[in-house]
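Please read the following note with the sequence and the model open beside it. The points move from the pairing of the two chains to some links inside each of them.

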Number of protein chains: 2
Amino acid sequence: MALIVQKFGGSSVADAPSIQRVARRVVETKKAGHDVVVVVSAMGDTTDDLLDLAGQITSDAPAREMDILLTAGERISMSLLAMAVGELGVPARSYTGQQAGLRTDTRYGKASIVAIGPERITSAISEGKVAIVAGFQGVNELNDVTTLGRGGSDTTAVALAAALEADVCEIYTDVDGLFTADPRVVPSARKVPAITYEETLELAANGAKVLHLRSVEFARRHNVPLHVRSSFSHKEGTWVTDASVTAPGQEENMEQPIISGVAHDRSQGKITVVDLPDVPGIAARLFEVVAGVDANIDMIVQNVSTHGSGRTDISFTLPESDGRAVRTALAEAADQLQYSEVRWDDQIGKLSLVGAGMRSHPGVSAKLFSALFGAGVNIEMISTSEIRISVVTRIEDLDTAVRAVHSAFELDAEETEAVVYGGTGR
Amino acid sequence: MALIVQKFGGSSVADAPSIQRVARRVVETKKAGHDVVVVVSAMGDTTDDLLDLAGQITSDAPAREMDILLTAGERISMSLLAMAVGELGVPARSYTGQQAGLRTDTRYGKASIVAIGPERITSAISEGKVAIVAGFQGVNELNDVTTLGRGGSDTTAVALAAALEADVCEIYTDVDGLFTADPRVVPSARKVPAITYEETLELAANGAKVLHLRSVEFARRHNVPLHVRSSFSHKEGTWVTDASVTAPGQEENMEQPIISGVAHDRSQGKITVVDLPDVPGIAARLFEVVAGVDANIDMIVQNVSTHGSGRTDISFTLPESDGRAVRTALAEAADQLQYSEVRWDDQIGKLSLVGAGMRSHPGVSAKLFSALFGAGVNIEMISTSEIRISVVTRIEDLDTAVRAVHSAFELDAEETEAVVYGGTGR
């Protein structure tokens, strides 16, 4: 008998039959003797439809109104799911973010949870009911509705699991768990049975899409065990926990694999600022300009000046969507920075190798570079952390690179599982 | 400078262009120097779509969950309308029933308003903002969402107008106001410029569909002037007020017309209980049985026994939808009531002539009966109140009857206005 929080994304509740399938899943868990709290996203395309309606009316909707609009989606899915669970003979009640006690700050569209007072959820549980909570939403001190931004429903689920001291937070999605690589790129990718928060964060930050960075951070901070699994099967998925914990249902594994997975990211671009004066403080001045437009810089390379001119080039990567703002800021600072040229390259790909085992295994980078060399892939930039190595390649080489590295680190499954790889909604 | 509450039904906010049209209307009123509070229904078919989804999941949805589900519709329309008003340069904020302070009892699906604390609306007005409120919904003492049932958005608007002491509550619909008869039946029907609450109640209770009984009762109790008008034109509509008040914008009219309109209703059926023992108390026993299934009895006729048998027939009308339950109850009480037969007739129509002027004008009924006789329409039942006469006819004679009576009382317009007659949504 455990307390289980189950989160279902939009693709799991896309229509009435899907909602009924989810309800059967919830009821199975309840009938197995567990207490169940469910967090749901909006049905399938509801959020896109609402965004489209708002877009027909204005290109500049006030964030407060946008939040009220979008939260309608979860109210629809949660009440329908409560009906579906009730129809199977198990009492269920649905709760909005406000009713579930999710209090946030007032940053509409990207609010942070400041406190959770889940008294109504606790009461529902103690009355033997399944509590169904709208993901993605909370209420601020003005009694206005807020949304939690990208990955918001995962964050709701993890935050509720922490507040309720749940035994596990199950994140249901349309894939079987986290994989050693994106199966659309690497058909031989394997499901990872267990992984640490840290590694999951590195994977999520470097292009893997199943879990959102923010909810994993929340889970790590509050030590909430996550179980990422498919709503279409009963297979064990991926347990995300602290490294020191053995996941329930997993055999103790004294020897962690070195590498957990290979992530890739096609959404970055590269800016090269050419012929900067090679004087102390020039990099600081450059990145002050960049920071002024709130761009999210990832990798940085400064080329040593080889032609004795006393000038240098600096390259950095950033989300493509930030490219225009940064280039505008650099153009405005041209007099101050005295560069000769700014180049923009959106044809790059990033490959990241992630594994907690890397820490104690020298030679990982050597093996990585040799695999890429063997596959004829040129490396343009490199960055490392204790549990990650990332390289930038030409975008057209990225898939080849991912497959070569996946093989070199013996991550390939013996048999290819037929899976559909996708996101968890929001 | 007045405080105006404007209510827009579902057909007025059916899509993004309609919402923009309503926004222009709201902004015009605001720019004319008035304070404006807007109440909106859900967009067009939203409510039906949500009901359909629920119907796919269960035929027996818990009322609490159904209320949360349905109230999503108004949250969508209200936030989109706030965006659209804002886009025209006038600041606007949307408020749910809970945020607008509409507190109700806990009868989900048909809640009554118990108190209104519209502090946030008052603040918004004093800050020069347009307040946009979700119709049809409130919150109960458990902090759960409730709906107000049929005519709920009208009731929200009237209740807010009463609480805010608004100068007028404008009910926008897709027709120009209240008409002397349904223009689909009587093409020469005229718009009524002014009418009393009392007459409007009689019309609404007897088949007219533009205003809901309940919101008119609320307006009468709190003396809120209603202005029923089209959202598609700027014409004056129909003012509904206390008889002693001259509607704003109306010339004083010392001589009220005798008759305000002719309503008709095709949704009733007639039950005849044949050969009841003609003994004291038999009618009481019969209607106790009927009351046991909560049926809404309208007209009653007891036929005097003419054949010296000591037995009598009692006929009564009721909504067709209550017919089955009543007939079942009567069958179960057959031993007690000792009738020989129960007959069911769903081929009846009801015509009601309504006018406050009737009180002081004898001869109205004589003129009515003579008009029906002249048109060859047979009268099956009659009932009267101080300001109404209703008759039951064969359903196939109803349109002829309505046209004949409309003409006899000189209600026909000189020119036929092209209008589309419909409901106000909810």
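Which residue of chain B comes closest to the rotation axis?

1. That residue is B:Ala72, whose C-alpha lies 2.5 Å from the rotation axis. This is a predicted model, in which local features need pLDDT of at least 70 and side-chain atom pairs count only at pLDDT 80 or more, while totals for chains, interfaces and linings use all residues. Residues are numbered from 1 along each chain as its sequence is written, chains are lettered from A and ligands numbered from 1 in the order in which they are written, and side-chain values use heavy atoms, with hydrogens and water left out.

2. Two copies of a chain are related by a rotation about an axis and a shift along it. Here a rotation of 180° with a shift of 0.1 Å along its axis superposes chain B on chain A with an RMSD of 0.1 Å, the fit being by least squares on the C-alpha atoms of residues with pLDDT of at least 70 in both copies. That is the relation of a two-fold axis. The same surface serves both copies, since 100% of the contact residues of chain B recur in chain A.

3. At the interface, 40 residues of chain B are in contact with 40 residues of chain A, where contact means heavy atoms within 4.5 Å. The two chains bury about 3,400 Å² between them, 59% of it on carbon and sulfur atoms; buried area is the accessible area (1.4 Å probe) that two parts lose on being put together, summed over both. B:Ile57, B:Arg75 and B:Met83 supply 22% of the area that chain B buries against chain A, more than any other three residues.

4. The rule finds 2 salt bridges across this interface, a salt bridge being a side-chain nitrogen of Lys or Arg within 4 Å of a carboxyl oxygen of Asp or Glu. In one salt bridge B:Asp144 pairs with A:Arg120, with the closest N and O atoms 2.8 Å apart. The elements that give two or more residues to the side of chain B that touches chain A are helix H1 (16-31), helix H2 (46-57), helix H3 (63-87) and strand S3 (92-95) of chain B; helices (H or I, at least four residues) and strands (E, at least two) are DSSP runs, numbered from the N terminus. H3(B) gives the largest share of that side, 16 residues.

5. Within chain A, 7 of the 9 residues of helix H6 (residues 197-205) are buried, so this helix is largely enclosed by the rest of the structure. Buried means under 20% relative accessible area, exposed over 50%, and partly exposed in between (1.4 Å probe, protein chains only). Among the buried residues of H6(A) is A:Glu202, which forms a salt bridge with A:Arg388, the closest N and O atoms being 2.6 Å apart. The pair links distant parts of the chain, for A:Arg388 belongs to strand S20 (residues 388-394) of chain A and the two residues are 186 residues apart. Both A:Glu202 and A:Arg388 are buried.

6. Chain B offers a further case, in which the side chains of B:Asp154 and B:Lys7 meet in a salt bridge (2.8 Å, N to O). B:Asp154 lies in helix H5 (residues 152-163) of chain B and B:Lys7 in strand S1 (residues 3-8) of chain B, so the pair ties together parts that are 147 residues apart in sequence. Both B:Asp154 and B:Lys7 are buried.
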